[in-house]
Amino acid sequence: MPSKAGITTKPEERRREWEQEEPTMRNWQLFGPFPSRQDAQEWEDEQPCIREGGGNEPDARGVQWWGYSFDYSD
């Protein structure tokens with residue numbers, strides 16, 4: 001069963017996007033919050049699945065970063 005992991009500052013919005021892109025998505029898990037994008041990126045880099053490349057949101061002071069992972073079917 002394939003799985004993906006990524007980071008974001010908007011976890012609920014990101015989940016809805018993935019539900020559209022991966023209709024077989026299941027086992028959504030949220031990790032964090034992380035104190036910085038760098039900390040979240042380090043978490044993502046350690047994940048043993050397909051990684052989504054660090055989130056598209058800009059880093060800003062006071063923004064909480066979250067890690068997420070989920071499983072899906074091919």
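## Helix H1, the sheet and the salt bridges

In helix H1, the residues Pro11, Arg14 and Trp18 are buried. Viewed down the axis of H1, the buried residues fall within an arc of 60°, so they line one face of the helix. This description, like everything below, comes from a predicted model. The buried residues of H1 pack against E1, E2 and E4. On the face turned away from that buried side, H1 carries the exposed residues Arg16 and Gln20. The spacing fits a general rule: an α-helix has 3.6 residues a turn, so residues three or four places apart point the same way.

Now for the chain as a whole. The protein chain has 2 helices and 4 strands, and along the sequence they follow the pattern β-α-β-α-β-β. The 4 strands form an open sheet with mixed pairing, in the order E2-E4-E1-E3. Strand E2 (26-34) and strand E3 (50-51) are the edge strands, each pairing on one side only. Strand E1 (residues 3-8) pairs with strand E4 (residues 65-71) in the antiparallel sense, over 6 bridges. If you would like a residue to look at there, try Lys4, whose bridge partner in E4 is Phe70.

How do the helices sit on this sheet? Helix H1 (residues 11-21) packs on the sheet and touches E1, E2 and E4. The direction of H1 makes about 155° with that of E2. Helix H2 (residues 37-45) also packs on the sheet, where it touches E1, E2, E3 and E4. The direction of H2 makes about 175° with that of E1.

A few totals help to complete the picture. Of the 74 residues in the protein chain, 39% count as buried. Among contacts between residues at least 6 apart in sequence, 77% join residues at least 24 apart. The accessible surface of the protein chain comes to about 4700 Å², and 43% of it belongs to carbon and sulfur atoms.

Next come the charged pairs. Side chains of opposite charge can pair when their charged atoms come close. The structure holds 3 salt bridges, listed here with their N to O distances.

| Pair | N to O distance |
|---|---|
| Lys4 and Glu22 | 3.2 Å |
| Glu17 and Arg14 | 2.7 Å |
| Glu19 and Arg15 | 3.4 Å |

Which parts of the chain does the salt bridge between Lys4 and Glu22 link? Lys4 lies in strand E1 and Glu22 in the loop between H1 and E2, so this pair links distant parts of the chain, 18 residues apart. Lys4 is buried, and Glu22 is buried too. Lys4 therefore has two roles to follow on screen: the salt bridge with Glu22 and the bridge to Phe70 in E4.

The pair of Glu17 and Arg14 lies within helix H1, 3 residues apart, about one turn of the helix. Arg14 is buried, with a relative accessible area of 18%, because the cut-off for buried is under 20%. Glu17, at 36% relative accessibility, counts as partly exposed.

Glu19 and Arg15 also belong to helix H1; being 4 residues apart, they are separated by about one helical turn. Glu19 counts as partly exposed at 39% relative accessibility, and Arg15 counts as partly exposed at 30%.

How values were computed:
Residues numbered from 1 in each chain as written. Predicted model: local features only at pLDDT ≥ 70, side-chain atom pairs only at ≥ 80, totals over all residues. Heavy atoms only, no water. Pairing = 2+ DSSP bridges. Contact = heavy atoms within 4.5 Å. Axes fitted to C-alpha atoms, helices over the stretch in contact; angles between N-to-C directions. Buried < 20%, exposed > 50% of the residue type's maximum accessible area, 1.4 Å probe, protein only. Areas by Shrake-Rupley, 256 points an atom, 1.4 Å probe, with all protein chains shown as cover. Arc of directions from axis to C-beta. Salt bridge = Lys/Arg side-chain N within 4 Å of Asp/Glu carboxyl O.
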